[in-house]
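Reader: I would like a close look at the disulfides in this model and at the elements around them. Please take them one by one, with the geometry of each link and the burial of each cysteine.

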Amino acid sequence: MPGNNYELEDVTVKYKSDMNSESGSAPRDRGMYVSTSKAFILAFLAIAIAVGVGIIVHFAGPGSTFECKCTYPTSDSGSSSAAMQQCKDWAAAGQVEICSACPAATQTPCPSTASTSSPAPTQPPVSTTGATIVTTQAPSSTPKPTVKDVRIPLHMMPIKYTVELQVFMYAPLEPAEFYFNGSVVVSFECKNATDMIYLHSNKLNYTGSFDVKTENGLENLYSRHTFDLDRQFLIVHMTEKCAINKNYTLEIPHFRGPLAADLAGLYLSSYTRENKTIHIATSQMQPTDARKTFPCMDEPAIKAQFEVTLVRKSHMVSISNMPIISNASRADDWFADKFAVTPKMSTYLLAFIICDFNYTENTTENDVTYRAYARPDAVDQTPYSLETGVKILTFFEKYFNVTYPLPKQDMIAIPDFSAGAMENWGLITYRETAMLYQPGVSSAGNKQRVAVVVSHELAHQWFGNLVTPSWWDDLWLNEGFASYVEYMGVDHVHPDWKMFEQFVVEDLQDVFNFDGLISSHPVYVPVAHPDEINEIFDRISYAKGASIIRMMRFFLGDDNFQKGLTNYLRSLEYGAAFHDDLWYALGNRSDFNVKEVMDTWTLQMNYPTVMVSHSQTGQITLTQSRYLQDPKATDPGKYVSPFGYKWYIPFTYTTSSRQRFNVTSNDVKWLNKTGNSEVVNDTDILAPGVGWVLGNPMQYGYYRVNYDITNWNMLIQQLVTDHKVIHAINRAQIINDAWSLAQSGDLAMEVALQTTNYLDKEREYVPWAAASSQLSFVNSMLARHPLYGSFRKFMRNKTEDTFNELTMNNTNALHLDSYVRSAITDLACTYGIQECINEAKRLFRQWKNNPDDNPVDPGIKSTVYCTAVAEGTLDDWEFALARYRVENLAAEKSRLLSALACSRESWVLSRYLQMAIDQSSQSEIRRQDAVSVIVYISRNTIGRSLAWDLFRDKWDFFLNEHGRQLYAFTRLISGVTDWFNSPQKYQELQAFIASKNDLGSGARAFDQALEKTRSNIKWMVANVPVIQTWLQSQGF
Ligand SMILES: [Zn+2]
């Protein structure tokens, strides 16, 4: 599913929200990866065994899956964690010595004799003999779930589930009484002789007698069933052990679960139509809620086939992953729809929906039926997403060179939805704002959001659905890929949107913020408990994943990249993958040892800065170091870098005499992970002070670049004299790098400030997006500081010329022109340019006088609404609320929700906060939007303390409601703490965390909030005096 960092639809609000050397050579493939002596690990094993430490190595290696295991009492120390990682690396490369070093009997064979059959049993069994499983997780400073050994035993592997579900959500039942009934028959193959069948089950009640039989057997082997609630296991005990390789059938005749509006598993959603409330049932299984719908082995690598029957009332329709093949009427107006059997797939990709929606339909070149479902009142908003989906599905089929395997692809816009969308195979579910589009009412930002999410979810039909990560620790394989190739899909449909330029501000520079923290995490991250799994649906898995894949495409070259992907998808289709499988597939087609390079980007967190020293004509020297926003931050030791925070860096550059930005893989100068300096000799490099050098053209590389002060001054001078000489991406890069290096203390703040000198001439979107992001951070830090007045004047000055030239007339604007105008209008009104405020008020008044005829162009609506509410009366606020109530387009509703948070009256904001958390039947704000409202209010200088107080007061409520949801909790925590920049706030936050035992999925977000607050405090001390002096010197 897509991340929701840009859940807001308008670009203006989005950015407001956060406001080589000649001798260096590419690491060559040397066949098998054996770069480190095994002696250390073998010695470690000897010691570990002596002191009673266990080691288990398990996962899918290239072309096979295997597990080696030493069952000893375990410890959880940092050194065992490092050893474990090394073990995994060797085993992935096919090295078997590590297994033979284990003296104890292994439960499954080592690689040399491994099973290569699928489905892949890629995880260790929970031992039934008392030994536990080693995790690679070091102890955390914050409370964590107590149960970590949550992986399900794999003695019985499912082949096929036959599931029937019947939903009871009709009068006379009240919504609180809604429920569903179900039954399931599971056929299994016995892999290890066991008398227990493990299934996942959560919040389901069972009645009736279970039945276990062998194929064609008559005798019922069922003995009893028990529950392990901590691990969410239903354990069916049999009267005898199963026989290996024989098939068995388990029948569970009746279970029941509540149909609640909790956005997880099979859940309730509602909407109003002709003044009546209509209830629908829909589902969200990822990551661990299929088990809340029916008992199943709910892990991504445990694939099976599913034959689904949904039982509905006659006025409803049912939809699932496959087409309906038969339909039977039952007593009392019930109908049973039976769906075609699915291909082998993961449980988290199932989808079950019963609703009364309508649809529009089209067919792809390959005859895939494509439907777009929505509420009957909103089905006229589906043509754009349908048309875009059909084009992108066909594009991906051609690009990946793998045919879409299902007969149909449906998309559906759900009124209540937790994430942005979900890639269920053949039935993609969307939040309404991510799928519905209405020309003339939706903005360019809304349109791009729809195209991007459609493209992202379709990419998952291959990356994630056809080939699935073995376990959630490689979530980035799913999300990083989808987050990168989504740009390719949208670029195919809209080449004029410059999607690949937008990438650097949308993803790369955005995630640099998070990944510059010591509380970040490696892309590949060990997780076990569902709370930990929920936590990693974050910017690292999505945006860093996408950024390093983009870098890889650059240094491998397009052709190698594309063919490698086809190889990966074809060799592992309907199966599960470990990240080494991808390196293997890509490395096969190039000279690079892809694994050796990419391990430095996936197995350690953070990223490097390359220092380019330019001290003589014809030469530069390159040195890498780890970038940290706060270099003095104490490392909690949670993750140990296997490479000492050094990377293989594909460095590129251009010069003032060459001015060539379209670099290719042939231009790469590799910096080695040994970290030594590299000297580059090049006659195009002019003397220091005469010409400049610019590192990382097009910002293909995931690293920052720093220079000597003379070179910085030359670059700044170039921007002022003729900024177009430097590519728009690198203008954005210069701004982003300079400000971030100033934040970490690696560059003087005066230099960062000077990168804004030329902005009054800038007319392109990407550099403005980079600048507004940095300046909105300054705005947030200075909002209550005496210096704010001067900063405001400075910002007015920088924006004024552009604003006057562009004006607020966005009629018939091209896509990116509309983006620039949105961004500039937003800055102009925010920093008090009177013409902007007056025009916003005038347009809003005109609308108020004639509510059925909105005169505001969609591209500037966010700014106009927010400014009018901020500058207006209670009556204006009430008008915006009234429009919210009657609006039929979700994107417009969302904009109004955001504008309502712009009030400058504390009591109005308090009232709005109460509305957001109202759980009564009269509640006007959907649960899916509650967190957004609180985050909007936190961005308002007047509202932020109110939001923080409410968050603390209502902690139990937030933990219960959102604490175990994907994205929402992390977003809430960072939203209410983003502005903290004083020791007092730090102490408040620290004391608050210390007082809580259960942080839900928020443990990492709280660690990051503490670190950001420390960094903000330091920033204030170091930079406010510098900014003050500089602003004065500029006459502000
Ligand atoms: Zn996704």
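**The disulfides and their surroundings**

Author: Cys 190 is buried, its relative accessible area being 0%, and this cysteine makes a good starting point in what is a predicted model. A search through the whole structure finds three disulfides, and one of them joins Cys 190 to Cys 242, with an S to S distance of 2.1 Å. The torsion about the S-S bond of Cys 190 and Cys 242 is about 60 degrees, and therefore this disulfide is right-handed. The pair links distant parts of the chain, 52 residues apart, since Cys 190 belongs to strand β4 (residues 179-190) while Cys 242 lies in the loop between β9 (233-238) and β10 (247-258). Cys 242 has a relative accessibility of 4% and therefore counts as buried, the cut-off being under 20%.

The strand β9, which comes before the loop that holds Cys 242, also takes part in an open sheet of three strands, whose order is β5-β9-β8 and whose pairing is antiparallel. In this sheet β5 (196-200) and β8 (222-228) stand at the edges, and because each has a single partner strand, one side of each is left without a neighbour in the sheet. From one strand to the next, the twist averages 20 degrees. The antiparallel pairing of β8 and β9 runs over six bridges, and His 225 has Val 236 in β9 as its bridge partner. As a general point, strands of a sheet pair through backbone hydrogen bonds, either parallel or antiparallel.

Another disulfide is formed by Cys 829 and Cys 836, whose sulfur atoms are 2.0 Å apart. Here the torsion about the S-S bond of Cys 829 and Cys 836 is about -100 degrees, so that this disulfide is left-handed. As for burial, Cys 829 has a relative accessible area of 8% and is buried, and Cys 836, at 0% relative accessibility, counts as buried too.

The remaining link to describe is the one that Cys 866 and Cys 902 form, with their sulfur atoms 2.1 Å apart. With -105 degrees about its S-S bond, the link of Cys 866 and Cys 902 is left-handed. This pair, too, links distant parts of the chain: Cys 866 sits in helix α21 (residues 861-871) and Cys 902 in the loop between α23 (890-900) and α24 (906-916), with the two positions 36 residues apart in the numbering. Both Cys 866 and Cys 902 are buried.

The helix that carries Cys 866, α21, packs with α23 at an angle of about 35 degrees, with the two axes 9 Å apart, and the crossing of α21 and α23 is right-handed. On the α21 side of this contact are Lys 861, Ser 862, Tyr 865, Cys 866 and Val 869, and these meet Glu 892, Arg 895, Leu 896 and Ala 899 in α23. Sorted by class, the residues in the contact of α21 with α23 are five nonpolar, one polar and three charged. Cys 866 thus appears both in the disulfide with Cys 902 and among the α21 residues that meet α23.

Two further cysteines can be added on the matter of burial. Cys 296 is buried, with 0% as its relative accessible area, and Cys 355, at 0% relative accessibility, likewise counts as buried.

How values were computed
Residues are numbered from 1 along each chain as its sequence is written. This is a predicted model: local features need pLDDT of at least 70, side-chain atom pairs count only at pLDDT 80 or more; totals for chains, interfaces and linings use all residues. Side-chain values use heavy atoms; hydrogens and water are left out. A disulfide is a pair of cysteine sulfur atoms within 2.5 Å. Helices (H or I, at least four residues) and strands (E, at least two) are DSSP runs, numbered from the N terminus. Buried means under 20% relative accessible area, exposed over 50%, partly exposed in between (1.4 Å probe, protein chains only). Axes are lines fitted to C-alpha atoms, for helices over the stretch in contact, and angles run from 0 to 180 degrees between N-to-C directions. A crossing is left-handed if the near helix is turned anticlockwise from the far one by less than a right angle, and right-handed if clockwise. Contact means heavy atoms within 4.5 Å. Ala, Val, Leu, Ile, Met, Phe, Trp, Tyr, Cys and Pro count as nonpolar, Asp, Glu, Lys and Arg as charged, and the others, Gly among them, as polar. Two strands pair if DSSP finds at least two bridges between them.
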